[in-house]
Amino acid sequence: MRLAFISDLHGNIHALTAVKRFLSEHIVNQVIVVGDLVGYGASPGPVIDFVKREGWVTGLGSSDMRVAMELGDRADRKGVADQVLGWTKKMLTPEQVDFLRRLPPGGRITTPIGRVRYFHGSPHDPEARLDLMAQERELEALAETLGARVVVVGGSHVPFVRVIGETTFVDPGSVGLTLNHEPGADVAIVDCVGRKPKVSLHKVTYDFASSAFDIMAWNLPPVIADVIRTGRMG
């Protein structure tokens, strides 16, 4: 059983289209989106429609939640992400917002090697952040609570794999706004065969210049275009 995990699409339709081509060449049984379809990128609506059309299993991300739920504005949230989320709300149709609103916070998959759990931030809160560099005993306790052989989380925008005991922790990175100092779209493929899972992390090339151009064309914060072009913040 082979699973593909992608996360943090962030409204980048150019990156997402390239990922679909990549996955067509790497046969997988299922594609799972670990949240954040919107935010930062200039094509939030097309990305939602794309994921819906493909029928990919999708969880709720923190940006998705802030766009779809009436959480209220916070005076202390005035960063680049919040500027774009305000713009995103104006760009989406009611049907697209409803799609985000109906997304579950995560899910589980039964595989030949055991249970796989996925969520964007923490099991019950997409806005939380699971620190995969935490002390081993903390992650061991979480894995035991979840009863999982593989735990997949998003939100950091940096691909990462860590094995602790019998559990493999994976962050697929980001399709739309990677931060591992190399432009491109991140994909994690998990082969659930044998005695333990095998994880491979991939960097998919795409037309990031067009994605950056779209940011500028919509008068979104230019720092986003810089991150798309470089794969780094600042």
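User: Which helices each supply at least two residues of the lining of the largest cavity?

Analyst: Good place to start! Rolling a probe the size of a water molecule over the atoms shows where empty space is left. Keep in mind that this model is predicted. Here, α1 (13-24) and α7 (208-217) each give at least two residues to the lining of the largest cavity. The largest share, 3 residues, comes from α7.

User: How many cavities of 30 Å³ or more are there, and what is the volume of the largest cavity?

Analyst: The count is 1 cavity of 30 Å³ or more. The largest cavity has a volume of about 50 Å³.

User: Which residues should I select to see the lining of the largest cavity?

Analyst: Try Gly11, Asn12, Ile13, His14, Gly41, Ala42, Ser43, Ser211, Asp214, Ile215 and Ile228, which line the largest cavity. By type, this lining divides into 4 nonpolar, 6 polar and 1 charged.

User: Let me pick Gly41 from that lining. Is Gly41 buried or exposed?

Analyst: To read burial, compare the relative accessible area with a cut-off: buried means under 20%. Gly41 has 6% relative accessibility, so Gly41 counts as buried. You will find Gly41 in the loop between β2 (30-33) and α2 (44-54). For a sense of distance, look at Phe5 too: the C-alpha atoms of Gly41 and Phe5 are separated by 20 Å, and the two residues are 36 apart along the chain.

User: Now for pockets. How much space lies in the largest pocket, and which residues lie nearest its centre?

Analyst: A pocket is an open set of points, whereas in a cavity the probe cannot get out. In this model, about 340 Å³ of space lies in the largest pocket. Its lining has 23 residues, and Asp36, Tyr40, Ser62, Ser63 and Arg129 lie nearest the centre. The elements giving two or more residues to this lining are α3 (62-68) and α4 (80-91). Of these, α3 gives the most, with 3 residues.

User: How do the residues of that pocket lining divide by type?

Analyst: The lining of the largest pocket has 8 nonpolar, 9 polar and 6 charged residues.

User: Let's finish on the surface. Which residues make a nonpolar surface patch?

Analyst: Val161, Val163 and Leu201 make a nonpolar surface patch of about 230 Å². Take Val163 as the example: its place is in strand β7 (residues 160-164). The cut-off for exposed is over 50%. Val163 has a relative accessible area of 55%, so Val163 is exposed.

Terms used:
Residues numbered from 1 in each chain as written. Predicted model: local features only at pLDDT ≥ 70, side-chain atom pairs only at ≥ 80, totals over all residues. Heavy atoms only, no water. 1 Å grid on protein atoms, 1.4 Å probe; cavity = no way out; pocket = protein on both sides within 12 Å on 5 of 7 lines; lining within 4 Å. Points joined across faces, edges and corners; volume = space filled by probe spheres on them. Helix = DSSP H or I, 4+ residues; strand = E, 2+ residues; numbered from the N terminus. Nonpolar A, V, L, I, M, F, W, Y, C, P; charged D, E, K, R; others polar. Patch = residues over 30% accessible without salt bridge, like charges linked within 9 Å, V, L, I, M, F, W, Y side chains within 5 Å. Areas by Shrake-Rupley, 256 points an atom, 1.4 Å probe, with all protein chains shown as cover. Salt bridge = Lys/Arg side-chain N within 4 Å of Asp/Glu carboxyl O. Buried < 20%, exposed > 50% of the residue type's maximum accessible area, 1.4 Å probe, protein only.
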